[in-house]
Amino acid sequence: MREALRQARKGLGRTSPNPAVGAVIVREGEIEARGYHHRAGHPHAEVEALRKIGGKAQGSTLYVTLEPCNHFGRTPPCTEAILKSGIQRVVAGMKDPNPEVSGGGCEFLRKNGVEVDTGVMESECLRLNEGYLKFVAHKRPFVMVKSALTIDGWTATSTGDSKWITNERSRQFAHVLRNRVDALMVGVGTVLADDPFLTTRLKRGQGKDPLRIVVDTNLRIPRDAKVLNHKSTAQTLLVTGAHIPPENLKRYQKKGVSMLSCPLKGGRIDLGALMDILGERSVMTLMGEGGASIIGSMLRERLIDKFLIFTAPKLMGGDDGVSMASGPGAKGMDDCLRLSDLEVRRFGEDILTVGYPDYG
């Protein structure tokens with residue numbers, strides 16, 4: 001199952017609206033074939049693994065991170081391929097949480113003589129597909145927020161300088177994270193301050209660029225901003241208020257750039273409504289990278305599902321820096337938002353804290 005999970009991770013950020021799934025076929029203690037789901041409409045992990053051995057796996061065991069499907073979608077049911085192959089036993093990490101199909105694949109296989117076990121490394125399988133779990137339950141993206149802080153809690157100096165708080169290893173891992181999500185979102189303030197490309201830059205150029213979303217209520221982004229002028233095949237989506245005149249929007253229309261007019265809330269983009277729209281567009285996982293205004297708004301509206309906070313051993317040494325989130329915060333320590341299920345990693349001298357907000 002660990003190997004099946006390793007295979008599944010290869011599909012993260014590429015399979016929406018499907019989950020990332022990995023499969024391993026084992027016979028007499030030896031791995032015969034591996035497979036993973038590459039993207040929606042392509043063969044599922046089980047079928048890909050079976051194709052590598054000609055579809056024949058008599059007496060073998062299939063380890064798969066998610067319950068095999070038993071319905072026709074863009075591809076035929078995996079259960080039919082499993083029965084045809086002669087697989088004797090299926091070990092599934094977790095059942096499919098989709099209420100329309102949950103349990104159907106396992107039950108079908110059992111009725112047709114296949115031994116089925118579930119729940120092996122279930123917590124790891126659930127965590128792998130936390131985006132899919134949120135998406136099938138609420139039809140909204142699973143929202144992560146990544147931020148980098150000095151050890152005394154600032155994301156930039158009073159002049160807006162933030163390059164670089166963290167070290168090269170931390171920044172490289174940030175690109176690994178970009179590679180695994182469907183969309184990356186920033187506020188226009190980040191574009192004005194840093195003029196980023198918001199692309200994925202991994203070694204050997206193997207990364208996938210996510211959809212880049214710029215939340216820009218009043219359309220302040222410069223037309224020569226790097227995020228609007230790129231060679232990437234991924235789109236940049238400019239989210240503006242519905243009050244922007246059509247003739248102004250037309251000035252930004254070009255290849256690789258699309259526009260979205262969104263309702264306002266308190267004079268700013270209604271981020272909850274935006275999440276609904278992105279869910280309708282099959283954006284399953286989204287990572288926010290700032291700035292302080294948009295992170296503060298997302299916090300207060302309880303839209304964030306996961307935090308990834310890098311801390312570097314640097315002191316700003318003052319009280320005039322830029323915080324991770326702006327706007328009104330907790331009045332007392334008992335009102336602070338707590339993070340649970342913590343994971344802590346080191347990247348050289350930097351520390352990454354990963355946690356899930358407990359909104360209560």
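Trainee: What makes strand 3 and strand 4 count as paired?

Mentor: This is a predicted model, and the pairing is computed from it. Two strands pair if at least two bridges are found between them. Strand 3 (residues 61–64) and strand 4 (residues 89–92) are joined in the parallel sense by four bridges, so the condition of at least two is met. One of the positions to examine is L62, whose bridge partner in strand 4 is V90.

Trainee: To which sheet do these strands belong, and in what order do its strands lie?

Mentor: They belong to an open sheet of five strands with the order 2-1-3-4-5, in which the pairing is mixed.

Trainee: Why are strand 2 and strand 5 said to stand at the edges?

Mentor: Strand 2 (30–36) and strand 5 (115–118) each have a single partner strand, so one side of each has no neighbour in the sheet. On average, neighbouring strands here are turned by 15° against each other, direction ignored.

Trainee: Which strands of this sheet does helix 4 lie across?

Mentor: Helix 4 lies across strand 4 and strand 5, and it runs at about 150° to strand 5.

Trainee: What makes the buried residues of helix 1 count as buried, and what covers them?

Mentor: A residue is buried if its relative accessible area is under 20%. In helix 1 (residues 2–9), E3, A4, L5, Q7 and A8 are classed as buried, so each of them falls under that limit. Their cover includes strand 1 (22–27), strand 2, strand 3 and helix 5 (122–128).

Trainee: How do you know whether helix 3 and helix 4 are roughly parallel or roughly antiparallel?

Mentor: Angles under 35 degrees count as roughly parallel. The axes of helix 3 (residues 78–85) and helix 4 (residues 104–111) come within 10 Å and cross at roughly 25°; the two helices are therefore roughly parallel to each other. The crossing in which helix 3 passes helix 4 is right-handed. On the side of helix 3, T79, E80, I82 and L83 make the contact, and on the side of helix 4, G105, F108 and L109 do. By class, this contact has four nonpolar, two polar and one charged residues.

Trainee: What is the strand order of the nine-strand sheet, and which strands stand at its edges?

Mentor: This open sheet has the order 10-9-8-7-13-6-14-16-15, with mixed pairing. Strand 10 (257–262) and strand 15 are at the edges, because each has a single partner strand and one side left without a neighbour in the sheet. The average turn between neighbouring strands of this sheet is 20°, direction ignored.

Trainee: What makes strand 6 a partner of strand 13 and of strand 14?

Mentor: Strand 6 (residues 142–150) and strand 13 (residues 285–288) pair in the parallel sense over four bridges. Strand 6 and strand 14 also run parallel, joined by seven bridges. Since at least two bridges are needed for pairing, both counts satisfy the rule. Among the bridge partners in strand 13 are M287 for M144 and G288 for V145, while L149 stands opposite T311 in strand 14.

Trainee: Why is strand 6 called mostly covered?

Mentor: Nine of its nine residues are buried. In a regular strand the side chains alternate between the two faces of the sheet. On one side of strand 6 the buried residues are F142, M144, K146, A148 and T150, and on the other they are V143, V145, S147 and L149.

Trainee: Which helices pack on this part of the sheet?

Mentor: Helix 6 (residues 130–138) lies across strand 6, strand 13, strand 14 and strand 16 (350–358), at about 135° to strand 6. Helix 7 (residues 168–179) also packs on the sheet, where it touches strand 6, strand 7 (183–187), strand 13, strand 14, strand 15 and strand 16; its direction makes about 125° with that of strand 15.

Trainee: How do you know whether G329 is buried or exposed?

Mentor: Exposed means over 50% relative accessible area. G329 has 54% relative accessibility, and therefore counts as exposed. G329 is found in the loop between strand 14 (306–312) and strand 15 (338–347). From C-alpha to C-alpha, G329 and E28 are 58 Å apart in space, and they are 301 residues apart in sequence.

Note on methods. Residues are numbered from 1 along each chain as its sequence is written. This is a predicted model: local features need pLDDT of at least 70, side-chain atom pairs count only at pLDDT 80 or more; totals for chains, interfaces and linings use all residues. Side-chain values use heavy atoms; hydrogens and water are left out. Axes are lines fitted to C-alpha atoms, for helices over the stretch in contact, and angles run from 0 to 180 degrees between N-to-C directions. Angles under 35 degrees count as roughly parallel, over 145 as roughly antiparallel, 65 to 115 as roughly perpendicular and the rest as oblique. A crossing is left-handed if the near helix is turned anticlockwise from the far one by less than a right angle, and right-handed if clockwise. Contact means heavy atoms within 4.5 Å. Ala, Val, Leu, Ile, Met, Phe, Trp, Tyr, Cys and Pro count as nonpolar, Asp, Glu, Lys and Arg as charged, and the others, Gly among them, as polar. Buried means under 20% relative accessible area, exposed over 50%, partly exposed in between (1.4 Å probe, protein chains only).
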